[in-house]
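Colleague: Walk me through this model, please. I want to learn how to read its features.

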Amino acid sequence: MHQNTIDFIREHFESPDFIPLHEPYFVGNEKAYLNNCIDTTFVSSVGKFVDKFEADIAEFTGAKYAVATVNGTAALHIALIMAGVERDDEVITQSLTFIATCNAITYLGAKPIFIDVDRETMGMSPDKLKHFLENETKMVNGFCVNKTTKKRIKAVVPMHTFGLPINLDALQDVCEPYKIEIVEDAAESLGSYQNGRHTGTKGLLGTLSFNGNKTITTGGGGMIITNSEELAKKAKHITTTAKKPHRWDFYHDQVGYNYRLPNINAALGCAQLEKLPVILKNKRDLANKYKLFFKDEAVHFVTEPNNTTANYWLNAIILDNVSERDSFLEATNNAGIMTRPIWKLMSGLPMFANSQKGNLENSIWLEERVVNIPSSVKH
Ligand SMILES: *Cc1c(COP(=O)(O)O)cnc(C)c1O
């Protein structure tokens, strides 16, 4: 019964071979810029491409500042420090996310609290968050304190799943009275907008990823975006070993991180960014094609929520139940077409099993039904 889908995907990608979920798309200046790095020997910690990539990302997203990092997880780690998260604090996030979000929280000695997502966005539910904050927290000395653990809740990290933006306006209204900072995990949503604003720019800070499977790639890489000059400067300093600029002296004024993005990776990023409009157009075209096709198949194809523009990074469908999902995964993967289920909930993993959580009914519902389907830009 899944043969129609298999045929449709094969026909679209015009390939009899294995069809991956998401491949990089290199058709621009990638080789030229990489050669420039090698010819000039600027492959590592200094070079013009890092500055250019940061400036280009700031321009594209509309953020005032951008700080490049070695990957998206490192960007999240530093963004949480910049938001004031410390050891023994708590950070609210979604149970339905990629592990990086929770790893970054844990690196700080902080603990995640899991809040449900909305079915439409697959991202954090402002209503569920509001319910949790109203019932489980109180304000003490200007801080939001968890009534159960007595710990401070410093930040909330929503994630724009598969590039579908959540309602950030509603989220901000919920967080404001509790003095909780928003750090947006926009790793999957480069080129996605909510109410005309690029994702990652509504909160105090946002983070991006340029891993090999993302919309554009630098091999590995990430970016912190923010409108705060002070936080951008601090983030740059702490991600470059906290070394005071000097022509020859080594002086570090705090414990820093070696999280800078090498110039050779930034070179790839500059070339990729030039092609981003083409990539986004191609992804939207594929999503529209899928939408039409799945209407006839009576399968729910996930589309962008109201008042948003999604990048359609990874296309997703929602099957009727677990056994339907499993038979779809089996049929497509057996046919050489890569499909995969959404992540296992973070709250079910051993290291987060004891974390506090709200009612996760939508997360569980989606965990049982959502499957990603091939979403590469056609070469
Ligand atoms: C890709 C991704 C990250 C960052 O991953 P890196 O591989 O460290 O760049 C963070 N959060 C989410 C939700 C992601 O999908």
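**Strands and ligand**

Modeller: Start with one pair: Q194 has T308 in β13 as its bridge partner. This is a predicted model, where local features need pLDDT of at least 70, side-chain atom pairs count only at pLDDT 80 or more, and totals for chains, interfaces and linings use all residues. Residues are numbered from 1 along each chain as its sequence is written, and side-chain values use heavy atoms, without hydrogens and water.

Colleague: How many bridges join β8 to β13?

Modeller: Strands of a sheet pair through backbone hydrogen bonds, either parallel or antiparallel. Here, two bridges join β8 (residues 193–194) to β13, and the two run antiparallel. Pairing takes at least two DSSP bridges; a strand is a DSSP run (E, at least two residues), numbered from the N terminus.

Colleague: What is the strand order in the open sheet of three strands?

Modeller: The order is β9-β8-β13, with antiparallel pairing. β9 (197–198) and β13 (308–309) are the edges; each has a single partner strand, so one side of each lacks a neighbour in the sheet.

Colleague: Which strands form a hairpin?

Modeller: β4 and β5, with two residues between them. N141 in the turn has a positive phi of about 50°. Four bridges join β4 (residues 137–140) to β5 (residues 143–146), running antiparallel. V140 has F143 in β5 as its bridge partner.

Colleague: Now the ligand. How many residues surround it?

Modeller: There are 14 (a heavy atom within 4 Å). The closest are G72, T73, E188, S209 and K214. The shell divides into four nonpolar, seven polar and three charged residues, with Gly counted as polar.

Colleague: Which distances link the side chains of E188, S209 and K214 to the ligand?

Modeller: Look for polar contacts (N or O pairs within 3.5 Å). An N or O atom in the E188 side chain is 2.5 Å from a ligand oxygen. For a polar side-chain atom of S209, the distance to a ligand oxygen is 2.7 Å. For one of K214, that distance is 3.2 Å.

Colleague: How much of the ligand does the protein bury?

Modeller: Taken alone, the ligand exposes 380 Å² (Shrake-Rupley, 1.4 Å probe). The protein buries 91% of that.

Conventions:
Polar contact = N/O pair within 3.5 Å; in protein donor to acceptor, adjacent residues only side chain to side chain.
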